Amino acid sequence: MAGIYIHIPFCRQICRYCDFYRSGSLSDKQAVLEAISRELTARREEVQGTVETLYFGGGTPSLCSVEEIGGLVGQVSALWGVSKFREVTLEANPDDLTPEYLKGLRATGVNRLSIGIQSFCDAHLERMNRRHTAREAVAAVRAAQEVGFENLTIDLIYGLPWMTPQEWEYNLEQALALGVQHISAYHLTIEPGTVFGKQGLQPVEESVSELHFRMLREALCGAGYEHYEVSNFARPGFRALHNSNYWQGKPYLGVGPAAHSYDGLRRRRWNVSSNRAYLAGEPGGEEWLSDTDRLNEYLMTRLRTVEGISLSTIASRFGAAQAARIGERCAAQAEGGLLRPTADGYAVPPERFLISDYVIAELFDSADTPQKDTNA
């Protein structure tokens, strides 16, 4: 199963934590959408086989009209012969989701919405420079449910330096009250190039991170959500199919400025992170993964999930010696409770997901280096 990702790099205003490529000006939106359409056609042969998921990310894809989204859905359907996608996700800001717009999206084939709420506290939203209110967030979810969307996910952010435990508990209560099928909760990361980074905002102490994470798990798992990936919780049957492709190492095609692609084997490609350069046809880059890169990526992506790694898969892909070496390292981590044995390998216990990056790094190999060509 392959997926198509379309990056819509436009926002009406820039969130202070955001490190994704985006533009605050909509002046060249039409030109970029036309270029995305041309890129889809030009790269048709890069994805063979069945395409089952389509994902509109950004930026803010909900700034596109129903006709613009519908045109791209129809084009992908025609190019890859898709009669019905298993999942078509569109990221959206709450204040874009009017009942009329929602009805139009459903008609285009969009069957899953990812609504960027982040917080149900207006003071938090203001400090993050979000352009919606808590009231609008609740109204957007309710409106989507009323027009028939049955697969909704919302985003929340924790680890905010100014957020009290009581406010985080309130956010979780409000999220659960909405009855959505999926919740993504991300710990705030302060990147140097973001507004928060330039302002010198400092991350919360480790004890605060641990408290917020524990509260998150207790609330959502207690309400019947499965903690299936570091930042993701789902009702049974509602895991994010497109994002699961990434964690399972499946091929995907990314189009639009800054979008990344992977052939499922060794080649990664990315488009230039500039609307101007993208429209001018400037090349992006590519990377050819070595065996060590591929093994490390397998460890990194799979150990972010509740299923973890399979030693038999490592043996078949990278050799018995590598599987034995990884198995020994995992056994040592398991003795300390950082990993748990599974039927065919090891996994990070979900209650330890907060420190999964540390666990994964301890298993990495650095025997060789990737072959890169930034002028691909």
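**Close-up 1. Helices H2 and H3 side by side in the predicted model.** Here H2, residues 66-80, packs against H3, residues 99-108, with the two axes 9 Å apart and an angle of about 10° between them. At that angle, H2 is roughly parallel to H3, because anything under 35 degrees counts that way. The crossing of this pair is right-handed. On the H2 side, look for Val66, Ile69, Gly70 and Val73; they meet Tyr101, Gly104, Leu105 and Thr108 of H3. Sorted by class, the contact of H2 with H3 holds five nonpolar and three polar residues, and no charged ones.

**Close-up 2. Helix H1 against helix H2.** H2 has another partner to look at, H1 (residues 29-42): the axes of H1 and H2 come within 10 Å and cross at roughly 10°. That makes H1 roughly parallel to H2. From H1, the residues in the contact are Lys29, Gln30, Leu33, Ile36, Ser37, Leu40 and Thr41, and they meet Glu68, Leu72, Gln75, Val76, Leu79 and Trp80 in H2. The breakdown for the contact of H1 with H2 is seven nonpolar, four polar and two charged residues.

**Close-up 3. Leu79 and its contacts.** Zooming in on one residue of that contact, Leu79 sits in helix H2. What does Leu79 touch once its neighbours within four places in sequence are left aside? Leu79 is in contact with Leu40, Thr41 and Arg44. If you'd like a distance to check, the C-alpha atoms of Leu79 and Arg43 are 9.9 Å apart, with their positions 36 residues apart along the chain.

**Close-up 4. Two backbone oddities, at Gly59 and Gln118.** As background, most residues other than glycine have a negative phi, and most peptide bonds are trans. The peptide bond running from Gly58 to Gly59, though, is cis, and its omega is near 15°. Gly59 is found in the loop between strand S2 (51-58) and H2. The other spot is Gln118, in strand S4 (residues 112-118). Gln118 isn't a glycine, yet its phi is positive, at about 75°.

**Close-up 5. Helices H11 and H12.** This view shows H11 (residues 291-302) with H12 (residues 311-318), whose axes come within 11 Å and cross at roughly 165°. Over 145 degrees counts as roughly antiparallel, so that is the label for H11 and H12. Their crossing is right-handed. Asp291, Arg294, Leu295, Tyr298 and Leu299 of H11 meet Thr313, Ile314, Arg317 and Phe318 of H12. By class, the contact of H11 with H12 divides into five nonpolar residues, one polar and three charged.

**Close-up 6. An open sheet of three strands, with helix H13 across it.** The strand order is S13-S15-S14, and the pairing is antiparallel. Strand S13 (309-310) and strand S14 (340-341) are the edges, each pairing on one side only. S14 pairs with S15 (residues 345-347) in the antiparallel sense over two bridges. Which residue in S15 is the bridge partner of Arg340? That's Ala347. Helix H13, residues 320-335, lies across S13 and S15, and its direction makes an angle of about 45° with S15.

**Close-up 7. Model confidence, and the stretch to treat with care.** The protein chain averages a pLDDT of 94, and 97% of the residues score at least 70. Where does pLDDT stay under 50? Over residues 368-376, a stretch for which the model has 20 contacts beyond four places in sequence. Where pLDDT is low, the predicted coordinates should not be read in detail.

Methods:
Residues are numbered from 1 along each chain as its sequence is written. This is a predicted model: local features need pLDDT of at least 70, side-chain atom pairs count only at pLDDT 80 or more; totals for chains, interfaces and linings use all residues. Side-chain values use heavy atoms; hydrogens and water are left out. Axes are lines fitted to C-alpha atoms, for helices over the stretch in contact, and angles run from 0 to 180 degrees between N-to-C directions. Helices (H or I, at least four residues) and strands (E, at least two) are DSSP runs, numbered from the N terminus. Angles under 35 degrees count as roughly parallel, over 145 as roughly antiparallel, 65 to 115 as roughly perpendicular and the rest as oblique. A crossing is left-handed if the near helix is turned anticlockwise from the far one by less than a right angle, and right-handed if clockwise. Contact means heavy atoms within 4.5 Å. Ala, Val, Leu, Ile, Met, Phe, Trp, Tyr, Cys and Pro count as nonpolar, Asp, Glu, Lys and Arg as charged, and the others, Gly among them, as polar. Two strands pair if DSSP finds at least two bridges between them. pLDDT is the predictor's confidence in each residue, from 0 to 100.
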